[in-house]
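Work through these exercises with the sequence and the model side by side. Try each task before you read its solution.

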Protein chains: 2
Amino acid sequence: LAGEVLGIGRRAASLAAAERVGAVSRSTLNLAEGVAEADLIIVCTPVAEIVDHVRSVAAAAPRGALITDAGSTKGWIVGQLAADLAPGARFVGSHPLAGSERSGAAHADADLFAGRVAVLTPTPATPQTDVAETARLWQGLGAVVCELSPEAHDRTLAATSHVPHLVAYALAASVPEADWPFAGGGLRDTTRIAGSDPDLWRQIFATNREEVLCALERYERELAALHEALQQRDDARLSDLLQQAKRRREGGIG
Amino acid sequence: LAGEVLGIGRRAASLAAAERVGAVSRSTLNLAEGVAEADLIIVCTPVAEIVDHVRSVAAAAPRGALITDAGSTKGWIVGQLAADLAPGARFVGSHPLAGSERSGAAHADADLFAGRVAVLTPTPATPQTDVAETARLWQGLGAVVCELSPEAHDRTLAATSHVPHLVAYALAASVPEADWPFAGGGLRDTTRIAGSDPDLWRQIFATNREEVLCALERYERELAALHEALQQRDDARLSDLLQQAKRRREGGIG
């Protein structure tokens, strides 16, 4: 897939760990040096920093190098970059739907993307050859590639990822300290992603605020319906709502 | 642990499946026959039926046989049985904190209880020897036994299990059909328990209504705080809430 994978980061210790597990072939703390001979650059920083990093990369990389990212929101990032990326620079937004609540090279997994969906978010101005080249990267890592507009991506991910994270954080916060010794697999799984980096997720929520609020309100309406059925002792309604929810999940996940 | 395990059920096919996987040594559709020579009877039906089944078992089992259950709510069950169980009958409420969204002998697992918590809910009137004998059952299956009053059990489980199930059902219902192909591990895990039997869970919610509503309102306040911080673009507050939630989970699960 690549002759050489060069890791660029801010902390020597993180880069050394990435070299140790074989995630990169060599590494540097200097961005300009690191991208000087690159064909393809993947910006994997927290979402709030992606735009600035792509601009820095575009200024330092060889003309014709392709730049992509792995950020969980796309409208804000792609919109900013469409407005003022250096002439000749090539950027295609990516979001591989994989990862976990853990971070760092110690949790690296060569099969992380196998069988997972990678979303590409080209704009009408993105050349089809750039999209195809970005698709080959993710396909080479085993992912199934699909294309969405940045807006459709953010609307969909608000429902499938961003609101589930908010819900997991709220649920984790709501369980009294003394009750955790009685946590079973249900609480463990529903709150797993509340172990995610709060700073990273604050940025994701903030850069997709409107869509997250919209999907959150849809979720709150479902929860309120269950709350009301329970409070009103309306067992028939409660039963309907639970069955519909189970069917919705089975239809989606199988 | 037992000379013989006799399975009693309503469907011959389910019992045949249980025999096939070795979960029971033999089986019968007749409750009175099945318990006629039993030393220990475990009632594992949905919660709404447990009280009636324990009464039937107490009437048919040998004098001195110990009866327990595996229901997810305890106050209602233990209260009903304390009022009018046949004289000489011995009952101790149990709730092993294990299982999954799947049901049936096809999903049986001999190590299901290994390292898990089994809660016993004796009343002040329960003889200590009955508690000890029930504890030996769950310990023999590898569980760690602890005792709670039926009321404390229901208050705790409302937070650690019942509300997480409501949340998972609401979340599954809130994701539009068209968005499910973009479900990642986060949505999959947060909604896993929405695959649970709706009829079983309606009964659990209904027999622990007050505590579930109380824990649900606590959860809704946490969610409302996140909603408000997001809506008001209060990033400092949002960051605090996310960090508190992550710490709460780490303190509980490690």
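A polar contact is a pair of N or O atoms within 3.5 Å; within protein, one atom must be able to donate a hydrogen and the other to accept it. Keep that cut-off at hand for the exercises. The model is predicted.

**Exercise 1. Place A:Asn208 and decide whether it is buried or exposed. Then find the backbone oxygen that its side chain reaches.**

Step 1. Locate the residue. A:Asn208 sits in a loop of chain A, with helix H8 (198–206) on one side and helix H9 (209–231) on the other.

Step 2. Check accessibility. Buried means under 20% relative accessible area. A:Asn208 has 5% relative accessibility, so A:Asn208 counts as buried.

Step 3. Follow the side chain. The side chain of A:Asn208 comes to 3.0 Å from the backbone oxygen of A:Asp154.

Step 4. List the neighbours. Leaving out residues up to four places away in sequence, A:Asn208 touches A:Thr73, A:Asp154, A:Ala158 and A:His162.

**Exercise 2. Describe B:His153: which helix holds it, and which side chain does it join in a polar contact of 2.8 Å?**

Step 1. Find the helix. B:His153 belongs to helix H6 (residues 150–174) of chain B.

Step 2. Check accessibility. The relative accessible area of B:His153 is 0%. The limit for buried is under 20%, so B:His153 is buried.

Step 3. Find the polar partner. The side chains of B:His153 and B:His95 are joined by a polar contact of 2.8 Å.

Step 4. Compare sequence and space. B:Lys74 is 79 residues from B:His153 in sequence, while their C-alpha atoms are 6.9 Å apart.

Step 5. Add contacts. Residues up to four places away in sequence are not counted; B:His153 touches B:Ser72, B:Thr73 and B:Lys74, and also B:His95, B:Val119, B:Thr121 and B:Leu148.

**Exercise 3. Work out the strand order of the open sheet with parallel pairing in chain B. Which strands stand at its edges?**

Step 1. Read the order. The 3 strands of this open sheet run E3-E4-E5 in chain B, with parallel pairing.

Step 2. Identify the edges. Strand E3 (40–43) and strand E5 (90–92) of chain B each have a single partner strand, so one side of each lacks a neighbour in the sheet.

Step 3. Gauge the turn. On average, neighbouring strands of this sheet are turned by 25 degrees against each other, direction ignored.

Step 4. Inspect one pair. E3(B) and strand E4 (residues 66–69) of chain B run parallel, joined by 4 bridges. B:Leu40 is opposite B:Leu66 in E4(B).

Step 5. Add the helix. Helix H5 (residues 128–140) of chain B lies across E3, E4 and E5 of chain B, at about 55 degrees to E4(B).

**Exercise 4. Do the same for the open sheet with mixed pairing in chain B.**

Step 1. The order is E6-E7-E8 in chain B, an open sheet of 3 strands with mixed pairing.

Step 2. Strand E6 (94–96) and strand E8 (144–147) of chain B are the edge strands, each pairing on one side only.

Step 3. Strand E7 (residues 117–120) of chain B pairs with E8(B) in the parallel sense over 4 bridges. B:Val117 has B:Val144 in E8(B) as bridge partner.

**Exercise 5. How many cavities of 30 Å³ or more does the whole structure have, and which residues line the largest cavity?**

Step 1. The search finds 1 cavity of 30 Å³ or more. The largest cavity holds about 30 Å³ of space.

Step 2. Its lining is A:Tyr169, A:Ala170, A:Ala173, B:Glu222, B:Leu226, B:Leu241 and B:Ala245.

Step 3. H6(A) gives the largest share of this lining, 3 residues.

Terms used: Residues numbered from 1 in each chain as written. Chains lettered and ligands numbered in written order. Predicted model: local features only at pLDDT ≥ 70, side-chain atom pairs only at ≥ 80, totals over all residues. Heavy atoms only, no water. Helix = DSSP H or I, 4+ residues; strand = E, 2+ residues; numbered from the N terminus. Buried < 20%, exposed > 50% of the residue type's maximum accessible area, 1.4 Å probe, protein only. Contact = heavy atoms within 4.5 Å. Pairing = 2+ DSSP bridges. Axes fitted to C-alpha atoms, helices over the stretch in contact; angles between N-to-C directions. 1 Å grid on protein atoms, 1.4 Å probe; cavity = no way out; pocket = protein on both sides within 12 Å on 5 of 7 lines; lining within 4 Å. Points joined across faces, edges and corners; volume = space filled by probe spheres on them.
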